[in-house]
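Dear colleague,

I am passing on the structure we spoke about. My notes follow below it.

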Amino acid sequence: MGDEGEALLGARGAPGLTRNLSVDMLWVPVTLHLPLGLAKSWTPNCAEFSVYTPLLAIIFFAQLANTVLVPVLPFMVTQMGADPIYYGLLQSAFWTVELVSAPILGSLSDRVGRRVVICSALVVSASSHAVLAIAPDIYTMLLARVLSGFGFQLALCRAYFAEVGTKQNRASSFGLIGVITGVALTMGPTLGGIVGGSGKPHQSAWFACGLCAIAAAFALRWRPLEPVEKLVT
């Protein structure tokens, strides 16, 4: 290997590497073997990744906010003196509203832009978690979960990646979203249990509110790329 190769590998070289390889063939594979549904290798592009970083941060903090409530919400229900069935009602209300609001927010983002809708949805999410934290009764908690259903939607971010990505990197971009989401889903319940421990589950709701506020701050500074179709035309 040439002088540049010696500088990269060190004076003594690296065991197991063939020394007649050219410097141009020296590469670092990045394959994430995680149980998160990702089955595609991803070779990072620094310029591309820097553009996507704000959106990836938004996804991470928003998904983290959704999952920190998982271990503490049943305790919040019992502290209200409500029957455990209300926990199922709170969760069903959230997912039902999110299912209904997803196409509405998607259509709205097509008209006014992804950034505006994502930022507004994050503000709604933060507000809903704040309402949940100060809820005096189970009905206010139900209102907070319904409001949260109108909040952040991961589908909006997927739509953006589909618009700005090329056919070559679109699948890997979706895989990267899966990785970020999986990490958030893994960390969220643990952090929620730590923050909301010692009989103070409402602290996790405030924690979720703060995470959504951080995501909203990233959204304010995010400058989306133009869709590929507009660039072509």
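Of the 233 residues of the protein chain, what percentage count as buried? The figure is 39%. Please keep in mind that this is a predicted model.

Fold. The protein chain has ten helices and zero strands. Read from the N terminus, its elements therefore give an unbroken α series, α-α-α-α-α-α-α-α-α-α. Among contacts in the protein chain with a separation of 6 or more, 78% are between residues 24 or more positions apart.

Surface. The protein chain has an accessible surface of about 12,900 Å². Carbon and sulfur atoms contribute 66% of that area. One nonpolar patch on the surface is formed by Leu99, Val100 and Ile104, which together have about 320 Å² of accessible area. Val100, one of the patch residues, is found in helix α4, which spans residues 85-112.

Cysteines. How many disulfides does the model contain? The count comes to zero, taking a disulfide as a pair of cysteine sulfur atoms within 2.5 Å. Two cysteines are worth listing for their burial. Cys119 has a relative accessible area of 13% and is therefore buried, the cut-off for buried being under 20%. Cys157 has a relative accessible area of 0%, so Cys157 counts as buried too.

In short, the model has ten helices and zero strands, a nonpolar surface patch that includes Val100, and zero disulfides.

Regards

How values were computed: Residues are numbered from 1 along each chain as its sequence is written. This is a predicted model: local features need pLDDT of at least 70, side-chain atom pairs count only at pLDDT 80 or more; totals for chains, interfaces and linings use all residues. Side-chain values use heavy atoms; hydrogens and water are left out. Patches are made of residues with over 30% relative accessible area and no salt bridge: like charges are joined within 9 Å, nonpolar side chains (Val, Leu, Ile, Met, Phe, Trp, Tyr) within 5 Å. Accessible areas come from the Shrake-Rupley method with a 1.4 Å probe; for residues, only the protein chains shown count as cover. A salt bridge is a side-chain nitrogen of Lys or Arg within 4 Å of a carboxyl oxygen of Asp or Glu. Helices (H or I, at least four residues) and strands (E, at least two) are DSSP runs, numbered from the N terminus. Buried means under 20% relative accessible area, exposed over 50%, partly exposed in between (1.4 Å probe, protein chains only). Contact means heavy atoms within 4.5 Å.
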